[in-house]
Amino acid sequence: MDFSQSLRLIAPEELLSIAGLVLLLVAGWAGDKASRAISIAAVAVLVGAMALVAPALCNGAMGPETSAFGSQFRADAFASFAKLLIYGSAAVGLIVAPSFFEKFRAMRAEYPVLILFAAIGTGMMVSATDFLTLYIGLEMNSLASYVLAAFLRADDRSAEAGLKYFVLGALASGILLFGVSLTYGFTGSTGFEGVRAAMAGGLTTGMIFGIVFVLAGIAFKIAAVPFHMWTPDVYEGAPTPVTLFFATAPKVGAMGMLMRVALEAFGGQAGAWQQIVIFAAIASIVIGALGAIGQQNIKRLLAYSSINNVGFILIGLAVATPQGASAMLTYLAIYVAMTVASFVVVLLLKDEDGNSVESFADISGLSRTRPWLALAMASVMFSLAGIPPLFGFWGKFVVFQAAVAAGFVPLAAIGIAASVIGAFYYLKVVKVMYFDEPAGKVVGKGEVAHAALLVVTGLFLSPLGYLLTKWLGAMTDTAAAALFHVA
């Protein structure tokens, strides 16, 4: 494949990179007064990037013609599906930010630029077919994320979140690099195809250690147990628009990266990593649910909910089948919508001075003072719990269905049983809003953009979402098939 063809395949990354550099110059010249205009331009660029990646998904792109730069990068249907979620989530993170930061007089022109660069790195993570490309994308996303977590410099919680994220992120990067070095040392390649070919002849002890360390490093990025400890503090301390971004785009990117590494690089030796993934799945479901029960802060509860949902998604990876991969992607799409809706509701919770309200005590009796907002939050909680007829149920259903079809009936049974624990803390939120005495704290008005996002995601999560199951299933099947395509 010639160089021009490789450049054509990375057109979305080129667009985002050039736009990011141009907007960075604009930010340097115009200053913070241009932050809103830069945000609008960044959203437009992300929408343009989505338009560029969509054809690969629609056409079911896979095989050698999707590889660029000597099989270091792949622009196939799987990467396209993941990037649509990543770029869409990044755009939402930009749309909700101005009104939040302007309250603190902290809306800076650098914010949309950092989001763009983080989106570029996250997109590279899902397209990487070489460990070196993967690491470059991972670090590009991480470096921008560390700054975003500490974006409210006057807020001690934000500074603490940024520091914790940086320290633990550096540790995870070190673990991942050690795993990559072991894998390279015992297989002689950093390319996924070369690693898979080397492991086809059997696993050595060094290869097994390489697999373990690589998966451990990636587990930090998806906040899977036992590498979840950073999540509650970072979710609570980071500004809410940043938390929304962390919970969606990088999560999708890290999960896509894990899928490609496990199913492509290590796919020939699934038995070597399935037990690790099964443990992480069950532990994340249980610890995420139990950890959320005692929380009194809504953002910390959503952090544990994220850990819990990661566990359910990992069930699809554990079965190591095309149906399981498709189920993971379906769950991810629904999870992104649920997460956006939940954090938009949090952004709409304001007191009379316009300050954010995050504690359970402050939303007591919300159904009697703000009935529509309470209904929206209740619907999101029920959807996260997987209670039919809301669309969140479908994500869990397809994952369990894939596990049962692959013969992992005990794993599916444990997941179903553990989901009952998760329902408890979601129902706790509903109980506080509908049965406790009104606190009268949430009286501030929200932004029109936030309300519009809530309506769109609410319709998707409602029973109307089931009208999209055939279309969504076809897309995820096409994307999953690209991972299992044998050139």
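Strands here are DSSP runs of E with at least two residues, numbered from the N terminus. Keep that in mind for the exercises below, and remember that this is a predicted model.

**Exercise 1. Find where Phe69 and Ser71 sit, and work out whether each is buried, partly exposed or exposed.**

Step 1: Start with the strands. Phe69 falls in the loop that links β1 (67-68) to β2 (73-74), and Ser71 is in the loop between β1 and β2 too.

Step 2: Look at the backbone. Phe69 isn't a glycine, yet its phi is positive, about 55 degrees. Ser71 also has a positive phi, near 65 degrees, and is a residue other than glycine.

Step 3: Now the cut-offs: buried is under 20% relative accessible area, exposed is over 50%, and partly exposed is in between. Phe69 has 30%, so it's partly exposed. Ser71 has 28%, so it's partly exposed.

**Exercise 2. Locate the cis peptide bonds that lead into Pro226 and Pro389.**

Step 1: Take the bond from Val225 to Pro226. It's cis, with omega near 10 degrees. Pro226 belongs to the loop between α10 (205-222) and α11 (231-237).

Step 2: Move on to the bond from Pro388 to Pro389, which is cis with omega near 10 degrees. Pro389 is in the loop between α17 (371-385) and α18 (392-405).

**Exercise 3. Say which residues form the nonpolar surface patch that includes Leu467, and whether Leu467 is buried or exposed.**

Step 1: List the members: Val455, Leu459, Leu464, Leu467, Leu468 and Trp471. Together they have about 630 Å² of accessible area.

Step 2: Zoom in on Leu467, which sits in the loop between α20 (448-461) and α21 (469-483). Its relative accessible area is 69%, and the cut-off for exposed is over 50%, so Leu467 is exposed.

**Exercise 4. Count the cavities of 30 Å³ or more and describe what lines them.**

Step 1: The count is two.

Step 2: Go to the largest cavity, with about 90 Å³ of space. Its lining includes Met125, Trp230, Tyr235 and Lys251. Helix α12 (residues 240-265) gives the most to that lining, with four residues. By class, there are seven nonpolar, one polar and two charged residues.

Step 3: The second largest cavity has a volume of about 60 Å³. Among its lining residues are Tyr235, Ser305, Asn309 and Phe343. Helices α14 (298-318) and α15 (322-348) each supply at least two residues of the lining. This lining has six nonpolar, five polar and no charged residues.

Step 4: Compare the two lists. Tyr235 lines both the largest and the second largest cavity.

Methods
Residues numbered from 1 in each chain as written. Predicted model: local features only at pLDDT ≥ 70, side-chain atom pairs only at ≥ 80, totals over all residues. Heavy atoms only, no water. Patch = residues over 30% accessible without salt bridge, like charges linked within 9 Å, V, L, I, M, F, W, Y side chains within 5 Å. Areas by Shrake-Rupley, 256 points an atom, 1.4 Å probe, with all protein chains shown as cover. Salt bridge = Lys/Arg side-chain N within 4 Å of Asp/Glu carboxyl O. Buried < 20%, exposed > 50% of the residue type's maximum accessible area, 1.4 Å probe, protein only. 1 Å grid on protein atoms, 1.4 Å probe; cavity = no way out; pocket = protein on both sides within 12 Å on 5 of 7 lines; lining within 4 Å. Points joined across faces, edges and corners; volume = space filled by probe spheres on them. Nonpolar A, V, L, I, M, F, W, Y, C, P; charged D, E, K, R; others polar.
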